[in-house]
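The following note is offered to a reader who is new to protein structures. Please keep the sequence and the model in view while going through the points.

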Amino acid sequence: MKQRSAALAASLLMLPGIFVGTPALAQKAERDSLTYGELIKKTEKGEVQKVELDETEQIAKVYLKGQKPDTPPIQVRLLNQNTELINTLKEQDVDFGQVSSANSRIAVGLLINLMWILPLVALMLLFLRRSTNASNQAMNFGKSRARFQMEAKTGVKFDDVAGVEEAKEELGEVVTFLKQPERFTAVGARIPKGVLLIGPPGTGKTLLAKAIAGEAGVPFFSISGSEFVEMFVGVGASRVRDLFKKAKDNAPCLIFIDEIDAVGRQRGTGIGGGNDEREQTLNQLLTEMDGFEGNTGIIIIAATNRPDVLDAALLRPGRFDRQVIVDAPDLKGRLEILKVHSRNKKIDPSVSLDAIARRTPGFTGADLANLLNEAAILTARRRKEAITILEVDDAVDRVVAGMEGTALVDSKNKRLIAYHEVGHALIGTLLKDHDPVQKVTLIPRGQALGLTWFTPNEEQGLISRSQIIARITATLGGRAAEEIVFGKPEVTTGAGNDLQQVTSMARQMVTRFGMSDLGPLSLENQSSEVFLGRDWMNKSEYSEEIAAKIDSQVREIVNNSYIKAKELLQENRTALERLVDLLADQETIEGELFRQIVAEHNQITDEKLAVPHCAEC
Ligand code: ADP
Ligand code: MG
Ligand code: ZN
């Protein structure tokens with residue numbers, strides 16, 4: 001019984017065993033030519049020579065007398081209790097015995113079964129492994145494999161970074177820290193551990209960090225703050241630990257943490273509870289920074305465009321106590337950057353980099369690099385030898401306003417857009433304080449169906465009140481023209497973006513620049529973005545009453561400018577009509593021609609109209 005249940009258990013465990021076992025059983029059944037009763041009879045008759053009883057399998061192997069030695073025994077199925085057979089065998093004095101062949105057969109069966117099972121188990125494991133791959137990553141989160149990049153040599157030099165001279169000067173010292181730390185430690189100076197680069201995207205922060213490593217000839221480790229922040233609490237912290245461990249092994253070296261605001265945001269400011277993971281990561285970062293002495297030869301450079309949200313602990317002495325501003329380049333800076341990026345490009349000698357720099361106020365280093373690349377692509381597409389001013393111009397348009405589309409076919413819509421754009425350009429030309437028109441076009445770009453380009457006359461650090469009013473008036477010129485020509489019911493959604501800009505400009509005049517009747521008050525911060533809690537809380541610093549006054553001031557500025565715009569257009573209706581006809585026909589009017597036509601229609605060309613002044617101002 002015991003053995004049987006063991007065999008049963010084995011067969012249950014090994015399902016595939018059935019395939020092996022069945023044919024063998026079938027063979028046994030074939031040879032089973034004797035029944036239990038027949039066996040007893042044969043024994044009684046004395047025909048049986050020898051019987052082997054196998055109780056496990058309940059089979060008797062019967063060797064008959066006169067049987068050839070090599071013929072297999074006849075197998076007889078036994079009953080549960082075989083006393084009768086045994087008694088008969090004893091009586092007849094037949095040689096019989098118990099055999100334990102069953103045991104060895106089980107062993108063999110087990111082996112055969114195992115041979116089936118092993119690949120099966122392996123296969124199952126494979127599937128299991130595959131399906132749990134995602135959660136497996138959780139298992140080895142401690143190792144930050146390939147989460148930070150390491151460059152033994154960045155190959156970037158200070159020469160490759162332009163237009164950020166002050167930053168370069170400040171960072172030159174960091175290079176010396178890395179190259180000759182003994183010079184500072186000898187006189188007992190503590191080498192700063194961290195430098196924070198602050199500036200908008202694309203101004204060359206990453207490039208600068210690389211240049212420092214390149215100049216100092218040390219390895220460059222970089223990671224982005226967003227890569228620290230993971231789903232699992234503790235992952236970021238262990239990444240930080242890992243990064244610093246690697247860096248220590250490779251000292252002297254430079255660690256660059258991009259977008260540090262992703263981890264370094266003020267702790268405990270999240271709406272609806274802080275982010276545990278981020279706080280842990282930040283704490284780990286602070287611990288690591290405190291953990292090594294200034295002279296281990298590791299300098300950490302972090303970059304952000306949101307220094308205002310950084311945790312104060314990060315900015316303490318001994319951490320990122322040096323802060324370097326990397327701002328968008330000015331005219332001279334842009335020229336320098338253009339020089340750097342035109343080094344490896346074929347540019348026609350007639351192209352003046354200075355003119356490009358003038359056309360691109362507000363462009364960052366990345367924008368300028370992109371611009372020259374676009375121009376080069378256009379040049380290749382046009383199968384020209386070298387980049388000419390045409391390609392550069394087209395590239396600027398494209399970078400600023402998006403891809404060029406095809407102009408509308410003649411229709412009422414096209415005419416309406418023509419009036420709208422000429423409305424902008426005409427007012428821009430008529431107002432003395434407005435930047436000159438560069439061109440007006442009906443060729444769509446990006447989202448815009450038509451565009452009016454203005455050239456900023458010079459680098460404008462400060463903008464006067466009249467200049468802002470002039471901009472507001474010209475921006476309203478599009479809608480004003482639509483209304484004058486087609487009537488109020490026909491005005492379109494095309495002015496939506498204009499109105500947004502106008503409102504924002506007017507609002508800033510009131511709340512930030514003190515350019516309204518409310519007086520010289522700053523009522524709003526520069527960044528009114530909601531940033532996780534902190535900015536959210538002290539959003540409105542003024543009373544309801546002031547809020548209502550702000551609204552009415554904004555409305556007044558906009559309304560007065562709109563009235564002025566309509567007046568100007570009505571006074572110059574003939575010029576408007578002629579320019580629209582020309583634009584609808586040619587699709588683009590250059591600034592020169594535009595001004596010429598306006599002048600022909602306007603007697604007082606030399607003394608352009610003064611800025612519109614509202615009665616209250
Ligand atoms: P950031 O890190 O400030 O966002 P990057 O350093 O990544 O900007 O700049 C992106 C690319 O733009 C650089 O690889 C480089 O080609 C170009 N670039 C940006 N700023 C400059 C600069 N000051 N001088 C030269 N190239 C620049
Ligand atoms: Mg960067
Ligand atoms: Zn418009």
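**Notes on the model**

1. His420 and Asp498 are both buried. These residues belong to a predicted model, and together with His424 they bind the zinc ion (ligand 3). The donor atoms are NE2 of His420, NE2 of His424 and OD of Asp498, at 2.0 to 2.1 Å from the zinc ion. Along the sequence, the spacing of these donor residues reads H-x3-H-x73-D. His420 lies in helix α18 (residues 412–430) and Asp498 in helix α20 (residues 496–511); with 78 residues separating them, this pair links distant parts of the chain.

2. What is the volume of the largest pocket? The volume comes to about 1500 Å³. The largest pocket is lined by 43 residues, and those closest to its centre are Thr452, Phe454, Asn497, Asp498 and Gln501. Asp498 thus appears in this group as well as among the donors of the zinc ion (ligand 3). At least two lining residues come from each of α17 (389–401), α18, β12 (451–454), α19 and α20. The most is given by α18, which supplies six residues.

3. The chain as a whole should also be described. The chain has 617 residues, of which 42% count as buried. Its secondary structure consists of 24 helices and 13 strands. Among the contacts with a separation of 6 or more, 74% are between residues 24 or more positions apart.

4. In soluble globular proteins, nonpolar side chains tend to be buried together. In this model, the largest nonpolar core contains 46 residues. Within that core, the residues with the most contacts are Val422, Leu426, Ile472, Leu569, Leu579 and Phe594. Two or more residues of this core are given by each of α18, β11 (437–441), α19, α20, α22 (544–571), α23 (573–586) and α24 (591–601). The largest share is that of α19, with nine residues.

5. Leu426 may serve as an example from this core. Which residues does Leu426 touch, not counting those up to four places away in sequence? They are Leu569, Asn572, Leu576, Leu579, Phe594 and Val598. Another core, of 29 residues, lies apart from the largest one; Val175, Val195, Phe256 and Ala303 are among its members.

6. Helix α19 (residues 465–486) also holds Glu483. Is Glu483 buried or exposed? Glu483 counts as buried because its relative accessibility is 15%, and the cut-off for buried is under 20%. When neighbours within four places in sequence are left aside, Glu483 is in contact with Lys488, Val491, Tyr562 and Lys566.

7. Strand β1 (residues 48–54) is largely enclosed by the rest of the structure, because five of its seven residues are buried. Strand β1 pairs with strand β2 (residues 59–64) in antiparallel fashion through six bridges, and Glu52 stands opposite Lys61 in β2. The two strands form a hairpin with four residues between them, and in the turn Gln58 has a positive phi of about 55°. With strand β4 (residues 95–98), β1 runs parallel and is joined by four bridges; here Leu53 stands opposite Gln98. In a regular strand the side chains alternate between the two faces of the sheet.

8. Ile257 lies in strand β8 (residues 253–258). Why does Ile257 count as buried? The reason is that its relative accessibility is 0%. Ile257 and Ile300 are 43 residues apart in sequence, yet their C-alpha atoms are 7.5 Å apart in space. Leaving out residues up to four places away in sequence, Ile257 touches Ile223, Gly225, Phe228, Leu285, Ile300, Ile301, Ala302 and Ala303. Of these contacts, Ala303 is also named among the members of the core of 29 residues.

9. Thr154 is placed in the loop between β5 (149–151) and α7 (165–179). Although Thr154 is in a loop, this residue is buried, with a relative accessible area of 12%. Its C-alpha atom is 8.6 Å from that of Val218, and 64 residues separate the two in sequence. Apart from neighbours within four places in sequence, Thr154 is in contact with Lys210, Ala213, Gly214 and Phe220.

How values were computed:
Residues are numbered from 1 along each chain as its sequence is written. Chains are lettered from A and ligands numbered from 1 in the order in which they are written. This is a predicted model: local features need pLDDT of at least 70, side-chain atom pairs count only at pLDDT 80 or more; totals for chains, interfaces and linings use all residues. Side-chain values use heavy atoms; hydrogens and water are left out. Buried means under 20% relative accessible area, exposed over 50%, partly exposed in between (1.4 Å probe, protein chains only). Contact means heavy atoms within 4.5 Å. Donors are N, O and S atoms within 2.8 Å of the metal (3.2 Å for Na, K and Ca); water is not among the atoms, so sites may look incomplete. Two strands pair if DSSP finds at least two bridges between them. A nonpolar core is a set of buried Ala, Val, Leu, Ile, Met, Phe, Trp, Tyr and Cys residues joined through side-chain atoms within 4.5 Å. On a 1 Å grid over the protein atoms alone, a cavity is a set of points where a 1.4 Å probe fits but cannot get out, and a pocket is an open set with protein on both sides within 12 Å along at least five of seven lines; lining residues have an atom within 4 Å of a point. Grid points are joined across faces, edges and corners, and a volume is the space filled by probe spheres set on the points.
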